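Please look over the structure shown here before reading on; the paragraphs that follow lead through it step by step.

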Amino acid sequence: RRVHGGKAVEKIQKREQALAEQAESFTEQYRAQKKDYNNVSESYKKSSESVATLSNDLNQITETLEQLKADIEKREELMQDTSSLGKIKDAMAKIKGEIKEMELRIGVLQHDVMHHRLKKTSTEVVVAKVIEDVDEFGSSDGAF
């Protein structure tokens with residue numbers, strides 16, 4: 001039976017060796033796949049960080065863009081809102097009309113002042129002539 005037992009041990013040893021070789025093959029495949037997994041995982045982590053950074057940048061750019069759009073819309077509204085410009089034009093026209101009216105009044109007043117000066121001057125000339133005539137009349141006759 002020893003012979004038979006020796007063959008069984010030999011068979012078991014061959015089987016163990018085959019299983020060990022097979023396990024070694026699986027272990028090498030596991031290590032290679034684990035290494036690939038770690039590489040992919042690291043790449044994913046870097047990509048995720050990059051995506052997060054780019055997302056933050058995109059959010060900031062989007063906020064800036066929205067602010068610029070709002071500013072442009074305000075400026076367009078101001079450019080299209082000509083009501084204040086129309087009010088200014090109306091006020092300017094009113095002021096010009098008032099200036100013309102004042103110039104006319106000034107002209108009339110200047111005319112009146114000139115007329116009164118001429119009247120006063122001619123009255124003074126007439127009074128002076130009358131006084132002169134009276135003086136001449138009184139000095140030539142000697143009596144009234």
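**A walk through the model**

In this predicted model, Glu 66, Glu 73, Glu 76, Glu 77 and Asp 81 come together on the surface as a patch of negative charge. One of these residues, Glu 76, belongs to helix H1, which covers residues 2–80, and with a relative accessibility of 42% Glu 76 is classed as partly exposed. A residue needs over 30% relative accessible area to be part of a patch, and Glu 76, at 42%, meets that condition because its value lies above this cut-off.

Stepping back to the whole chain, the protein is built with 2 helices and 0 strands. Its C-alpha atoms occupy a box of roughly 200 × 25 × 10 Å along the principal axes, and the radius of gyration is 60 Å, whereas a compact globule of 144 residues would have a value near 15 Å. Buried residues account for 0% of the 144 residues, and the accessible surface of the chain amounts to about 14000 Å², with 59% of it belonging to carbon and sulfur atoms. As for charge, the chain carries 24 positive and 27 negative charges, and the mean positions of these two sets lie 21 Å apart.

The other helix to visit is H2, which spans residues 83–141 and holds His 111. Is His 111 buried or exposed? His 111 is exposed, because its relative accessible area of 55% is above the 50% that the term requires. A sense of distance along the model comes from pairing His 111 with Thr 64, since these two residues are separated by 47 residues in sequence and by 68 Å in space, taken from C-alpha to C-alpha.

Helix H2 is also where a charged pair can be found, for Arg 105 and Glu 101 both lie in this helix, 4 residues apart, which is about one turn. The two residues form a salt bridge in which the closest N and O atoms are 3.1 Å apart, and the structure holds 1 salt bridge in total. Arg 105 is exposed, with a relative accessible area of 54%, while Glu 101, at 44%, is partly exposed.

A patch of another kind is formed by Val 126, Val 130 and Val 134, which make up a nonpolar area on the surface with about 240 Å² of accessible area together. Among them, Val 126 is found in helix H2, and its relative accessible area of 49% makes this residue partly exposed, because the value falls between the limits of 20% and 50%.

Note on methods. Residues are numbered from 1 along each chain as its sequence is written. This is a predicted model: local features need pLDDT of at least 70, side-chain atom pairs count only at pLDDT 80 or more; totals for chains, interfaces and linings use all residues. Side-chain values use heavy atoms; hydrogens and water are left out. Buried means under 20% relative accessible area, exposed over 50%, partly exposed in between (1.4 Å probe, protein chains only). A salt bridge is a side-chain nitrogen of Lys or Arg within 4 Å of a carboxyl oxygen of Asp or Glu. Patches are made of residues with over 30% relative accessible area and no salt bridge: like charges are joined within 9 Å, nonpolar side chains (Val, Leu, Ile, Met, Phe, Trp, Tyr) within 5 Å. Accessible areas come from the Shrake-Rupley method with a 1.4 Å probe; for residues, only the protein chains shown count as cover. Lys and Arg count as positive and Asp and Glu as negative; His and the chain ends are not counted. The place of a charge is taken as NZ of Lys, CZ of Arg, CG of Asp or CD of Glu. The radius of gyration is taken over C-alpha atoms; the globule rule is 2.2 Å times the number of residues to the power 0.38.
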